[in-house]
Amino acid sequence: MSTYYDALETRSRDEREAAQLGALNAQLARHGLPALETLAGLGSLPVLRKADLVARQKEAPPFGGLPVGNLAHVFQSPGPIYEPGGVSHDWWRMGRFLHACGIGVGDIVQNCFGYHLTPAGMIFENGARAVGAAVLPAGTGQTELQARAARDVGATAYAGTPDYLKVILEKADEMGLELQIVRAAVGGGALFPSLRAWYEERGIQCLQCYATADLGNVAYESAAKEGMILDEGVIVEIVTPGTGDPVAEGEVGEVVVTTLNPDYPLIRFATGDLSAILPGESPCGRTNTRIKGWMGRADQTTKIKGMFVRPEQVAELVARHAEIDRARVVASREGETDVMTVRIETGAETVAGVEDSVAGVLKMKGRVELVAPGGLPRDGLVIEDQRTYD
């Protein structure tokens, strides 16, 4: 098996950006939008959130009027949100990840992702076909049958959530069955270091990807296990939650993804997940940008004094005052009373009218604290809940 899936993985930054810009402009044309001169121009376009997509799909079912092509499947995810699916080569771009896992011709992949309504099972099956592996479409549940099937068919690889493989292996041990699984491609949950070490002790290499039902594969681990490498078919931005404004490299923010799949061209789709860009390139030789992986949820909506405060409101507060660089709402308690403190990062000694803006935008009064530039943590939080409920 060759080291890389294709030549795209080792392109120079200039080659990659030029190719992505051309593909992006083709996507924009399908939406009736003008071409951009640089990838940085994406920041001028609105962010599409899941709630927006749900609303659009209700108005124009099933896909909200988006220019969908080559439709082979229709899936439903919680929301509900409906996603199209295709059967062409590596439609969800999962083959790139499976190849990085060492899965290919001669392997039998026990695919324990669900096949019912949601697309995860088909996403990984499509990827297995792209690398020439056979598939046991196992789905979820029936662990005793899973263990026996893995032994009987000689499954050499596993695809599924990080923890379910351990359940199968322990059931096989209990039944006295010897399995041949030596590779695992996981997603849909956190792969904790202790669990990865447990698999490695049994001779199983376990790597994880970051994928969604709407977008397919977004980023994946290689054998280097240093961050997650962005897929070649997406453009990823890390932005301040509640806005579309990019953060500096290394800062935590919300993952916003533009797909270059012409069959389902999502532009600036907000995942609601937090991550950060890692500097440099992977030791494995792949040259695309890396992210740290999943670092929590960007939807920090918090109820204070009976009122919801959302990241979008914090972004609006910042936008109202040129002197404000960023803001952070802190929820705390004094006695049995909620307290809202709005910490304002600014180089100014005062910010005129900020108390009125806080009351008007956040719909309640709160304390205002000014902090010097750089005084707020770069951890992706714009709403911090310090209250405990023990």
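1. Before the tour, one term: a pocket here is an open set of grid points with protein on both sides within 12 Å along at least five of seven lines, and its lining residues have an atom within 4 Å of a point. Keep in mind too that this is a predicted model.

2. With that term in hand, take the second largest pocket. It is lined by 30 residues, and R13, E17, V236, I277 and T289 are the ones that lie nearest its centre. The space in this second largest pocket comes to about 700 Å³. If you want to find it by elements, look at α1 (13–30), β10 and β13 (277–278), each of which supplies at least two lining residues. Strand β10 has the largest share of that lining, with five residues. Sorted by class, the lining of the second largest pocket has 14 nonpolar, seven polar and nine charged residues.

3. Now for the largest pocket. Its volume is about 880 Å³. The lining takes in 36 residues, and G188, G189, Y210, A211 and T212 are the closest to the centre. Two or more lining residues come from each of β2 (81–85), α4 (120–130), β7 (205–212) and β12. Which of these gives the most to the lining of the largest pocket? That would be β7, with five residues. The lining of the largest pocket splits into 17 nonpolar, 10 polar and nine charged residues.

4. There is an enclosed space as well. The structure holds one cavity of 30 Å³ or more, and about 50 Å³ of space lies in the largest cavity. Its lining is made of W91, W92, R93, D214, L215, G216, T259, N261 and Y264. Those lining residues divide into four nonpolar, three polar and two charged.

5. Strand β10, met above in the second largest pocket, also belongs to a sheet. This is an open sheet of three strands in the order β10-β11-β12, and the pairing is antiparallel. Why is one side of β10 (234–239) and one side of β12 (269–275) left without a neighbour in the sheet? Both stand at the edges, each with a single partner strand, so there is no neighbour on the other side. On average, neighbouring strands of this sheet are turned by 30° against each other, direction ignored.

6. A closer look at one pairing in that sheet: six bridges join β10 to β11 (residues 253–259), and the two strands run antiparallel. If you'd like a residue pair to click on, the bridge partner of I235 is T258 in β11. At the end of β11's range, T259 is one of the residues lining the largest cavity.

7. On to a pair of helices. Helix α5 (residues 143–153) packs against helix α6 (residues 164–175) at an angle of about 75°, and their axes are 9 Å apart. The two helices are therefore roughly perpendicular to each other, because angles of 65 to 115 degrees count as such. On the α5 side the contact uses T143, E144, Q146, A147 and R148, which meet Y164, V167, I168, K171, A172 and M175 in α6. By class, the residues of this contact are six nonpolar, two polar and three charged.

8. Next, the hairpin of β1 and β2. The strands run antiparallel and are joined by five bridges. S77 has I81 in β2 as its bridge partner. Three residues sit between the two strands, and G79 in this hairpin takes a positive phi near 150°. A cis peptide bond joins G79 and P80, with omega of about -10°. P80 has its place in the loop between β1 and β2. Remember that β2 also gives residues to the lining of the largest pocket.

9. Two more backbone details are worth a look. Where does P62 sit? P62 is found in the loop between α2 (50–59) and β1 (73–77), and a cis peptide bond joins P61 and P62, with omega of about -5°. Then there is D90, which has a positive phi of about 50° although it is not a glycine. D90 lies in the loop between β2 and α3 (95–100).

Definitions and conventions:
Residues are numbered from 1 along each chain as its sequence is written. This is a predicted model: local features need pLDDT of at least 70, side-chain atom pairs count only at pLDDT 80 or more; totals for chains, interfaces and linings use all residues. Side-chain values use heavy atoms; hydrogens and water are left out. On a 1 Å grid over the protein atoms alone, a cavity is a set of points where a 1.4 Å probe fits but cannot get out, and a pocket is an open set with protein on both sides within 12 Å along at least five of seven lines; lining residues have an atom within 4 Å of a point. Grid points are joined across faces, edges and corners, and a volume is the space filled by probe spheres set on the points. Ala, Val, Leu, Ile, Met, Phe, Trp, Tyr, Cys and Pro count as nonpolar, Asp, Glu, Lys and Arg as charged, and the others, Gly among them, as polar. Two strands pair if DSSP finds at least two bridges between them. Helices (H or I, at least four residues) and strands (E, at least two) are DSSP runs, numbered from the N terminus. Axes are lines fitted to C-alpha atoms, for helices over the stretch in contact, and angles run from 0 to 180 degrees between N-to-C directions. Angles under 35 degrees count as roughly parallel, over 145 as roughly antiparallel, 65 to 115 as roughly perpendicular and the rest as oblique. Contact means heavy atoms within 4.5 Å.
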